[in-house]
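Q: I'd like a close look at a single part of this structure. Could you take one helix and walk me through how it sits in the chain?

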Amino acid sequence: VTRPYDDQNIFAKILRGEIPNRTVYEDDHALAFHDINPQAPHHILVIPKGAYVSWDDFSAKASDAEIAGFIRAVGHVAREAGMVEPGYRLLANIGADGGQEVPHLHIHIFAGKPLGLMIA
Ligand code: 5GP
């Protein structure tokens with residue numbers, strides 16, 4: 001069971017414009033911005049605009065248009081940033097054991113160097 005959405009989480013504040021961010025891309029369904037504490041030469045976060053805690057409630061509750069828009073936005077950001085040929089990594093941390101710190105669904109995009117194996 002997914003916990004209720006906390007509209008005071010940091011990404012909700014970013015979506016409302018209450019906290020500044022370095023925006024990479026924005027459309028009706030998604031916002032992409034630079035991670036404040038990059039773990040690779042390029043580290044971008046992509047979030048859906050809707051209030052979804054994690055992959056769990058997004059996949060269960062979001063409309064097909066929201067899901068398609070979000071997935072397409074992730075691909076768009078990686079393409080526009082020139083990451084396709086050298087390659088990149090997508091990561092979603094989900095829940096406590098997944099190491100999720102911010103309770104608004106986000107996909108990490110890492111790129112800019114050979115990333116090696118990273119599972120923990
Ligand atoms: P998680 O561990 O939840 O998957 O990742 C949360 C990410 O959000 C971390 O990589 C962290 O650096 C990033 N982050 C936390 N607070 C802020 C913020 O205020 N602005 C930005 N741009 N990134 C943040």
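A: Let's zoom in on helix H3 and then step back to what lies around it.

First, two ground rules. This is a predicted model, where local features need pLDDT of at least 70 and side-chain atom pairs count only at pLDDT 80 or more, while totals for chains, interfaces and linings use all residues. Residues are numbered from 1 along each chain as its sequence is written.

To see where the helix belongs, start with the chain: it has three helices and five strands, and along the sequence they follow the pattern α-β-β-β-α-α-β-β. (Helices, H or I with at least four residues, and strands, E with at least two, are DSSP runs numbered from the N terminus.)

Now for H3 itself, which covers residues 64-80. Its 17 residues should span 24 Å at 1.5 Å a residue, and the end C-alpha atoms are 24 Å apart, so the two agree. (The expected span is 1.5 Å times one less than the number of residues.) Right after the helix comes Gly82, with a positive phi near 75°.

Which residues of H3 are buried? They are Phe70, Ala73, Val77 and Ala78. They sit on the same side of H3, because they cover an arc of only 125° around the axis. (That arc is taken from the directions from the helix axis to the C-beta atoms.) It helps to remember that an α-helix has 3.6 residues a turn, so residues three or four places apart point the same way. Flip to the other side of H3 and you'll find the exposed ones: Asp64, Ala65, Ala68, Gly75, Arg79 and Glu80. As for the cut-offs, buried means that 20 or more other C-beta atoms lie within 10 Å of a residue's own, exposed means 12 or fewer, and partly exposed is in between, with C-beta atoms placed from the backbone.

So what covers that buried side? The cover includes strands S1 (23-26), S2 (30-34), S3 (42-48), S4 (88-91) and S5 (107-111).

Val77 makes a good example from H3. It counts as buried because it has 21 C-beta neighbours inside 10 Å. Leaving out residues up to four places away in sequence, Val77 touches Val24, Tyr25, Ala32, Ile44, Val46 and Ile109. (Two residues are in contact if their C-beta atoms, placed from the backbone, lie within 7 Å.) Ala12, on the other hand, is 65 residues from Val77 in sequence and 20 Å from it in space, C-alpha to C-alpha.

For contrast, try two loop residues. Gln39 is in the loop between S2 and S3, and it is exposed, with 11 other C-beta atoms within 10 Å. Gln100 is in the loop between S4 and S5, and it counts as partly exposed because it has 17 C-beta neighbours inside 10 Å. Gln100 touches Ser54, Asn93, Ile94 and Gly95, again skipping residues up to four places away in sequence.

Finally, back to the chain that holds H3. Buried residues make up 23% of its 120 residues. Among contacts between residues at least 6 apart in sequence, 59% join residues at least 24 apart. The C-alpha trace spans about 40 × 30 × 30 Å along its principal axes.
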